[in-house]
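Reader: Could you take me through the pockets and cavities of this model, one after another, with attention to what lines each of them?

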Amino acid sequence: MAEPVLPATARTLLARTARVQRDGRAPSLVAGVVRGGGLAWSAGRGDVAEPHLDVQYRLGSISKTVTAVAVLRLRDEGRLDLDDPLDRHVPGTPFGDRSVGQLLAHLAGAAAESPGGWWERVPGGSLADLGLAGGHVVLGEARRFHYSNLGFGLLGELVARARGRSWVDVVTAEVLAPLGMTRTTPRPSGRAAHGCAVHPWADVVLPEPEHDAGVMAAAGQLWATLDDLARFAAFLLGDTGDVLSPATLEEMAVPAGVDPSSPAWSAYGLGLQVLRVDGRTLTGHGGSMPGFLAGVFVDREEGTGAVSLANTTSGLDALVPGLLADLRAAEPRVVEAWSPSPSSVPLERLGVWYWGPAPVALRALSGGLLHLGPLPGRPGRASRFRRREDGAWVGLDGYYAGEPLRIAEDHLDVGTFVFTRTPYDPAAPVPGGVDPRGWSADA
């Protein structure tokens, strides 16, 4: 159960939320922080009915993360592979040679928007109604990050065809209902905020339209309450239930495509945005649709999340990262106590090794992992390794992600890089050999 924040923390969080709502001129805004599996604090500002936890707002592109979860469930069941070409599952599009994984990471070179009218403001139809053609492939595959709403419309179609049901039926049955997100729906249901545009030069508003986006719904149509969005934040923090394995959730958060246009460190995984903000890595997604702005991001290391929903088309400062920073400063996480654990390899294999003349350390970590990296204060590459079921070690991150680690008595081999117990140990199999004259003062 979530532990409520301290009164002083609540005041700080409320002050930030109130200023963002006022300065951003949002007709209404609801926000909260998540800790311990649920909301530890929340508030509503502006014209929002109470209880503010149960008013629906449009999620926009947070819907993409829900779609990605449905795709990865298919992968985990063996129904598809992320390297599969789209044509294998949704034949007949100009993106047939682009992979499912590329679409998830916005690396498929698909046009940012679907053809025809502005899909966010006009009713949508079927995939055939889009009339996709070669011109909607705007970049080569895996060339660069290019955010694509169209790509996620195609992924929604993939999910529907694989399951033999509509996209909304699939995500409701397989993602939302198991997580208890019963107030998350494809169209507004019950108590819901009205989408508004706020005039740039006067304090007046204009209602924004709402409709069924058809095949593009998977890119941004879901509506949710603050309570439900907080549950999704808990999911992103690891409370996945039977919806997704923790390993797959971790895979979603690994940056695949980097957005070079962002002034801060910004990347994209598999249906998840990954941001580097003030030295912290945040994972989640933002959302924007005419009349609405939304955000859900979590700090997995800190075990906290923050959520926000507002009924305005534009103009709000980023609220969620600020709430996470406020919470971290006011109530920093107290980490678990260290306790001994067995080493996953013999102790004599650990310690200092050398890549040529550069010293590195091999350490055993808790959870059966190994870490190979430079000594403190020295530059160099670092990666963690996990033992596979077949006994081999494989890199999890950093330069050696996916590369094999072989541990011998007198050397390590990481993807052909050989590490020895002394710099260029002549007794170890150093590629190219070691000059028999050895080390000397002669250059």
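Author:
**Pockets and cavities**

The largest pocket has a volume of about 850 Å³. In this predicted model, the pocket is lined by 22 residues, and those that lie nearest its centre are Glu250, Thr281, Arg300, Glu301 and Arg384. At least two residues of that lining come from each of α8 (246-252), β9 (273-277) and β10, the last of these strands spanning 280-289. By residue class, the lining of the largest pocket divides into ten nonpolar, five polar and seven charged residues.

The second largest pocket, with a volume of about 470 Å³, is lined by 26 residues, of which Gly286, Gly287, Ala294, Gly295 and Ala318 lie nearest its centre. Two or more residues of this lining are given by each of β9, β10, β11 (292-299), β12 (304-310) and α9. Here the division is into 15 nonpolar, eight polar and three charged residues. The strands β9 and β10 are thus named for the largest pocket and again for the second largest pocket.

Turning from the open pockets to the enclosed spaces, the structure holds two cavities of 30 Å³ or more. The largest cavity has a volume of about 40 Å³, and its lining is made up of Val277, Asp278, Arg280, Leu282, Pro321, Leu324, Ala325 and Arg328. The elements that give two or more residues to this lining are β10 (280-289) and α9 (320-330), with α9 supplying the largest share, four residues. Five residues of the lining are nonpolar and three are charged, while no polar residue takes part.

The second largest cavity has a volume of about 30 Å³. Its lining consists of Leu103, His106, Leu107, Ala108, Gly109, Ala110, His146, Ser148 and Gly151, and these residues divide into four nonpolar and five polar, with no charged residue among them. The lining of the largest cavity, by contrast, has three charged residues and no polar ones.

A last feature belongs to the outside of the protein. Tyr424, Val434 and Trp439 form a nonpolar patch on the surface, which together has about 330 Å² of accessible area. Of these residues, Trp439 lies in the segment after β20 (417-420), and Trp439 is exposed, with a relative accessible area of 63%.

Key: Residues are numbered from 1 along each chain as its sequence is written. This is a predicted model: local features need pLDDT of at least 70, side-chain atom pairs count only at pLDDT 80 or more; totals for chains, interfaces and linings use all residues. Side-chain values use heavy atoms; hydrogens and water are left out. Patches are made of residues with over 30% relative accessible area and no salt bridge: like charges are joined within 9 Å, nonpolar side chains (Val, Leu, Ile, Met, Phe, Trp, Tyr) within 5 Å. Accessible areas come from the Shrake-Rupley method with a 1.4 Å probe; for residues, only the protein chains shown count as cover. A salt bridge is a side-chain nitrogen of Lys or Arg within 4 Å of a carboxyl oxygen of Asp or Glu. Buried means under 20% relative accessible area, exposed over 50%, partly exposed in between (1.4 Å probe, protein chains only). On a 1 Å grid over the protein atoms alone, a cavity is a set of points where a 1.4 Å probe fits but cannot get out, and a pocket is an open set with protein on both sides within 12 Å along at least five of seven lines; lining residues have an atom within 4 Å of a point. Grid points are joined across faces, edges and corners, and a volume is the space filled by probe spheres set on the points. Ala, Val, Leu, Ile, Met, Phe, Trp, Tyr, Cys and Pro count as nonpolar, Asp, Glu, Lys and Arg as charged, and the others, Gly among them, as polar.
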